[in-house]
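Hi,

Here is the structure I promised to pass on. Have a look at it first, and then read on for what turned up.

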Amino acid sequence: MPFQDLPARLAEVRERIELAMERGGHGQTVTIVAVTKTYGPDAPVAAWNAGLKDVGENRVQEAASKMLEVRVPLRWHLIGHLQRNKVKELDGFHLVHSMDSPRLADALASYGLARVRPMEVLLQVNVSGEGTKGGYEPADVEREAARLKGFAGLAVRGVMTMAPFDASGAVLRAVFSGARESAALLRAAGHPATELSMGMSGDYEVAVEEGATLVRLGTVLFGARSA
Ligand SMILES: *Cc1c(COP(=O)(O)O)cnc(C)c1O
């Protein structure tokens, strides 16, 4: 059976999330997004069989080919950078975590209007300021929140961020609490921005302590990726 360790791995992750929620005291609900990129369609199926409802992919094309083969009603999340010419291929997705620029926001909003159903999105914020990471600068969030207010084609549900790889606990905490502040700015501008997508296999406990509502977990559930 592929991914036969998944139920045990998931049980441990759920326990750690539970404890982190108690330590953090934010009182949120945490949803696990099982990141199935690079694995075949058996990974989302294994996630479903283990009781998960949400899977994440970082490429539209790869996700689309899995969606064709996977019959179970999973919610698909796009977590990787998206090119503007791909927005018309997003109908199968529940939530786009990676809206990382005003130009992409414009393209997503136009498509949301055209299909008469808003695109459900998170604003990706580059809290850590690493040059290799995409996303809005924290200083630009307030202005963008105001600009997006009139966009009927978008439902801005919150913020996504990525912490630097191998960051110290203090840096992780600063990055994740910065994302929480960006989400508060979105809400202050009137957006329904209650989601915080933050935390991966190496740092999800700190993210949950800081209020994460969506954790994006790959290797801790499925084992090392080969690609
Ligand atoms: C791959 C990926 C993840 C999952 O990473 P793991 O360390 O395997 O948990 C989470 N978020 C994004 C944006 C990713 O690309």
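Before anything else, keep in mind that this is a predicted model.

Let's start at the ligand. One of its oxygen atoms is 2.9 Å from a polar backbone atom of Thr 219. Arg 225 brings a polar side-chain atom to 2.8 Å from an oxygen atom of the ligand, and on the side chain of Arg 216 an N or O atom is 2.9 Å from a ligand nitrogen. On its own the ligand has 390 Å² of accessible area, and the protein covers 89% of that.

Those three residues belong to a shell that also includes Val 35, Lys 37, Ile 79, Met 162 and Met 200. By type, the shell has five nonpolar, three polar and three charged residues.

Now for the pockets. The ligand takes up the space of the largest one, which holds about 480 Å³. Its lining counts 23 residues, with Met 162, Phe 165, Met 200, Ser 201 and Arg 225 the closest to the centre. Sorted by type, that lining gives 11 nonpolar, six polar and six charged residues.

There is a second largest pocket too, with about 200 Å³ of space. It is lined by 13 residues, and the closest to its centre are Thr 31, His 94, Leu 95, Glu 195 and Leu 214. Strand E3 (75-78) and strand E4 (93-99) each give two or more residues to this lining. Here the split is two nonpolar, six polar and five charged.

Cheers

Technical notes. Residues numbered from 1 in each chain as written. Predicted model: local features only at pLDDT ≥ 70, side-chain atom pairs only at ≥ 80, totals over all residues. Heavy atoms only, no water. Near = heavy atom within 4 Å. Polar contact = N/O pair within 3.5 Å; in protein donor to acceptor, adjacent residues only side chain to side chain. Areas by Shrake-Rupley, 256 points an atom, 1.4 Å probe, with all protein chains shown as cover. 1 Å grid on protein atoms, 1.4 Å probe; cavity = no way out; pocket = protein on both sides within 12 Å on 5 of 7 lines; lining within 4 Å. Sits in = over half its atoms within 2 Å of the grid points. Nonpolar A, V, L, I, M, F, W, Y, C, P; charged D, E, K, R; others polar. Points joined across faces, edges and corners; volume = space filled by probe spheres on them. Helix = DSSP H or I, 4+ residues; strand = E, 2+ residues; numbered from the N terminus.
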